[in-house]
Each structure stands twice: as structure tokens, then as C-alpha cells.
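Subject: Handover of a structure for your review

Dear colleague,

Please find below the sequence and the structure that I am passing on to you. My notes on the findings come after it.

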Amino acid sequence: MKESWNSLWKNEDYWAIWFGFAIMIGALLHWIPKIPKVGKWSDNPLNAFMVVKDGVTEGTLLLPLLTLMIGLAIMTVIGVAFMKTDRIWKYLAGFAGVFILSCVAYWIAHQTNIRYWGLSYALWALLVGLLISNTVGTPGWLRAGAKTEMFIKTGLVLLGAEVLFKKILSLGPPGLMVAWIVTPVVVIFMWLYGTKKLKMKNKKLVMIIAAATSVCGVSAAIATSAACRAKKEDLTLAVGMTLIFTVLMMFFMPLGIKALGMSHILGAAWMGGTIDSTGAVVAAGSMLGPEAEQVAAVVKMIQNVLIGLLAFVVALYWVTSVDRTPGGPRPDAMEIWYRFPKFVLGFVAASLLFSFVVVPSMAGDVAAVESSFIDPITSPLRGWFFCLAFTSIGLESNFRDLASQMEGGKPMVLYVVGQSFNLVLTLAIAYLAFLVLFTNAI
Amino acid sequence: MSNTSKGLNRWGRFAAGLTMLAAFAGFFMSGYAPPGVCGEVLRHNQACEIDASPLIYTDVEHMPSLEQGVQLMREAAGQREAAESR
């Protein structure tokens, strides 16, 4: 496999890097205004599209959202034109359709009671897309705008900006122990269990489920699926499982901790290390009190930083071992380079840029970097790209293909066994870290 | 089957699917919380207005205050340890 210079403008991986860095540079130079998001609402659905300040309606979000749609369409169509994957007008029409469906997904997800349940936009975007693809069928013009891979990869490069290495030390050695010792052990355990014991044929699905269980659910599943170039159905299945179990763990872990009379800090670290999504961790931690909420959220945050490292290692492992011809020679450095998913390098580069250039350039003030660049620009845009990606996945999937991934329920067994192992190991390490080795850490 | 009836069949399936999706979303939008201990966390989220849906820490609106809380806890622990060693 050879790679030539024209890969720089013909390969989706590189375009994800160009898009991601164009946005980051635009943000750093203050060229990009605050990115609009579909608003929150309780009883009146129209409130989601209103700009409300201090209880007073100041206008609608329709124009900002339309501007965003046009801006993203113009940016991404450049890549589509160079890659020659679709006709430009067909892509633009399809993109508008996917964007509107993503707005619908965000609109459902931002309803107050749905947010209390922890059901994120990823679920609703998938369901909205699946509704169309499995009933009337996704029309060709809409399918042209469903560029799942391009949206996922661009979102991941932007996610790199949010992975700040300074966060690793937020809780000192015990936080590192819980988040960074357990995670790789669980990933390796689940990989071996899935491939050797359960003998699952779909190794990519094994890796995605392992990453989702051990790191941070949906985000880790997205990163790993892209790193090992998994099928859309694999990601859908892993995300579905992780969303269901996240809600169950959010409901029952704090109750179990209370019933056992466990130290709240220990319980918080346990939940932070095991519940998949950060929002559910915050909610579950809050049940135990403000200190537990803080510790749980920070443990999860430290674990979040592992996404980039995990994506890099998985991509490398896939290229050097899993994709290797059985009995064939070990690929040399150039072969590894050709096959390596380049957007992962964009993800790591974005993380390094923000961690070691942008943060130091602002006197090490992480909060200032977050409030100036990440919160108003890169983070909401990452959310939009992921939402577009999940809508696209739904539009390109059908229930028959999803059912074929089930392998007699083996993915579910893998998740349950892996999560059980994760629960036991995290509790043991959290006990050791917070109640034995570093008793005065917090 | 004629094209017209195939089309009607597809749109019928769409209407059924849309109804199911609306019912599914409507159930969660209704504010229902399971009775007893099963709904305890949900009722807590409703009472304290806790958004449980963020996927990653940067999506959590009050994350800076949570980080600051841990920072203060660590500083207090450091001072406690220094006082004990004296």
C-alpha cells in the first residue's frame, strides 16, 4: 500500500485534520463567534429555539443555526469536492437534511426531563436516523450528506482540544491510580475475554465495547471505532449498550453505596471510575453529597484524558497486529505509516497543542482557555459533528444488520462480564488509593 | 404489489415508527419517575436540576466549580497534614 502527496487532499483522514485545525486556529484568532446550540426547554418546545436572557426572550436561534449550517456546509463541501465522493449540490442538499435531523435530535435531548434521565443526543440522533432508514428508506440525496466517517473524524480532532494533560493531576496520585491503572487492565481483560473466551468473530466490536466500558462510554466508543475502522453497526451496538447500562448504574450505584455504608469519597471514586458518561457520574455522585459529586466528576475527567492515548494505541495495535496477514512478516515503519489512521495524529496533535502551547501561553490558566476557546467554540462544534455523525449512522443502518452483530448475545455477555470486572477492580484500587496509601490526599 | 401500495406501505411504516418514537420520547419527557428506590436518583436530579446527559467533562456546565471544589479539598487536606506533622 503506497501513499502519495495527493492523499493530503484526497483522504478523509487528512480532511478531518484540516477541518479540525482550521476551526481551532479560527477559534484561537477569535475569527469564529460563539457557536449556537439548540436550547433547553421544559414545557414549551419552541423555547429550544429562543434566545432567553434572565427570563426575557431576546430573539430566535433560527438565524444563528442557519448560519452555522451554511458555515459547516461550505467548509465540508471543500473536502467533498477535492475527494470527489459526491456531486457538490447533492452533498449540500443532503447535508442540510442531516443538519435539520440533528437539530431534531438535539431538540429532543434538550428537554428538561430527558436530561434528568441522562439520555444524550447520541441516542436520539441514532433513533431519528433509524426511523427514516427503516421505514421510508433513506433517499439518495439525503444519503449523500450522511458523511459519517468525515463527521466522526472531524469531531474527534476537535475533541483533542478538550483533552488537556494538566487535568491528569487534578486529584493527585489517588485519582491517577483509579483512572489510569484500572483502565488499561480492563481493556486488556475484555479484549482477551471477548476474543479468546467468547471467541467473538467481530474483533472491532470487542475493542469498542472494551473501550466504552473502561474509559468513558460513547466518546471512547467513537474514538476507538474510528481508530480500528469499525463498521457503523458496531458503534451503534456499543453505544446502545453503554447508554442503557449508564442509566442503570446511575440509578443503582449510589443506592448500593449508601446501603453498604461505604465512605462517600471511596464511593465517588468508584462511580467516577466505572459509570460510563460524565453526566451520569455527576448525577450519581450528587446523590452522596457535594464532595462526592466533585470527586466523582474529577475522577471521570482524569479518565477522559485517556481517550487520545487509547485511540493511538488501538490504531497502532490494529495496524501492526490485528490487520496483519497470519504468518506474514511484521509490517515495517513505512507500512505502519501508510495504514495508520492519520486523524488520530490530528487528535493527539490538537491535545498537545492546547495542553503545551495554548495553556502555557495563557499563563497556565486552564479555566481561561476553556472559557475563551473550548466552551464557546470547539466543544459545541465537536458536539455538532458527533450529532451529525450519529444521525448519519442511523440513516445508513438497518435493524437487520444490527441484529446480525449480536452473535447470540455475546456482545452483551462481554459488556456485563467486563463491567463486573471493572466494578471489582476499580473498587479495590480506589480503596487502596483513597483509604490505604493516600489517606491525606483529600 | 403496485408501486402505489408499496409507497403507502412505507409511509404507513413511517407513521407507525414516528408514533413509537414520539411515545418513547414522550414517556421520558413526561417527568415520570419510577416509584421507590428505583426512582430516587431521578427524583434527586429533578429536585436539584441535574443534567445527567453530558458525555464528556467539557459538556458539564458546572465542571469548573466541581474542579475548584476538589482543589479546595486538596488544599485543606494539605493544611491538615502540615498541622498534624507539627
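The notes below take each chain in turn and then the contact between the chains.

Please bear in mind throughout that this is a predicted model.

Chain A

The secondary structure of chain A consists of 21 helices and two strands. Its radius of gyration is 21 Å, close to the 22 Å that the globule rule gives for 442 residues, so chain A is as compact as a globular protein of that length. Taken along the principal axes, the C-alpha atoms of chain A fill a box of roughly 70 × 65 × 50 Å. Of the 442 residues, 54% count as buried. Among the contacts in chain A with a separation of 6 or more, 79% are between residues 24 or more positions apart.

The largest nonpolar core has 165 residues, and within it Ile209(A) and Ala284(A) touch the most other members. Helix H19 (residues 366–396) of chain A makes the greatest contribution to this core, with 14 residues. If neighbours within four places in sequence are left aside, Ile209(A) is in contact with Met190(A), Ala238(A), Met241(A), Pro411(A), Leu414(A), Tyr415(A) and Gly418(A).

A second position that may interest you is Val128(A), which is found in helix H6 (residues 121–133) of chain A. Is this residue, Val128(A), buried or exposed? Val128(A) has 26 other C-beta atoms within 10 Å, and because a residue counts as buried from 20 such atoms upwards, Val128(A) is buried. Outside its neighbours within four places in sequence, Val128(A) is in contact with Leu101(A), Val104(A), Ala105(A), Thr391(A) and Gly394(A). Thr236(A) lies 108 residues from Val128(A) along the chain, and the C-alpha atoms of the two are separated by 13 Å.

The two strands of chain A

Strand E1 (residues 50–53) and strand E2 (residues 56–60) of chain A run antiparallel and are joined by four bridges. In this pairing, Val51(A) stands opposite Gly59(A) in E2(A), and Lys53(A) stands opposite Val56(A) in E2(A). The hairpin of E1(A) and E2(A) has two residues between the strands, and Asp54(A) takes a positive phi near 50° there. E2(A) has five residues, and the number of them that are buried is zero, so this strand lies largely in the open.

Chain B

The secondary structure of chain B comes to three helices and zero strands, and its elements run α-α-α from the N terminus on. The radius of gyration of chain B is 25 Å, well over the 12 Å that the globule rule gives for 86 residues, so chain B is more spread out than a compact globule. Along its principal axes, the C-alpha trace of chain B spans about 90 × 30 × 15 Å. Of the 86 residues of chain B, 21% count as buried.

The contact between the chains

How many residues does the contact take from chain B and from chain A? The contact takes 43 residues from chain B and 56 residues from chain A. On the side of chain B that touches chain A, the elements giving two or more residues are helix H1 (3–29), helix H2 (40–48) and helix H3 (63–85) of chain B. H3(B) gives the most to this side, with 11 residues. By character, the residues on the side of chain B that touches chain A divide into 25 nonpolar, nine polar and nine charged.

H2(B) deserves a separate note. The buried residues of H2(B) are Val41(B), Leu42(B) and Asn45(B). They cover an arc of only 100° around the axis, which puts them on the same side of H2(B). Which elements of chain A do the buried residues of H2(B) pack against? They pack against helix H5 (112–117), helix H12 (232–260) and helix H14 (278–286) of chain A. Just after H2(B), Glu49(B) takes a positive phi of about 55°.

With kind regards

Key:
Residues are numbered from 1 along each chain as its sequence is written. Chains are lettered from A and ligands numbered from 1 in the order in which they are written. This is a predicted model: local features need pLDDT of at least 70, side-chain atom pairs count only at pLDDT 80 or more; totals for chains, interfaces and linings use all residues. Two residues are in contact if their C-beta atoms, placed from the backbone, lie within 7 Å. Ala, Val, Leu, Ile, Met, Phe, Trp, Tyr, Cys and Pro count as nonpolar, Asp, Glu, Lys and Arg as charged, and the others, Gly among them, as polar. A nonpolar core is a set of buried Ala, Val, Leu, Ile, Met, Phe, Trp, Tyr and Cys residues joined through C-beta atoms within 7 Å. A residue is buried if 20 or more other C-beta atoms lie within 10 Å of its own, exposed if 12 or fewer, and partly exposed in between; C-beta atoms are placed from the backbone. Two strands pair if DSSP finds at least two bridges between them. The radius of gyration is taken over C-alpha atoms; the globule rule is 2.2 Å times the number of residues to the power 0.38. The arc is that of the directions from the helix axis to the C-beta atoms.
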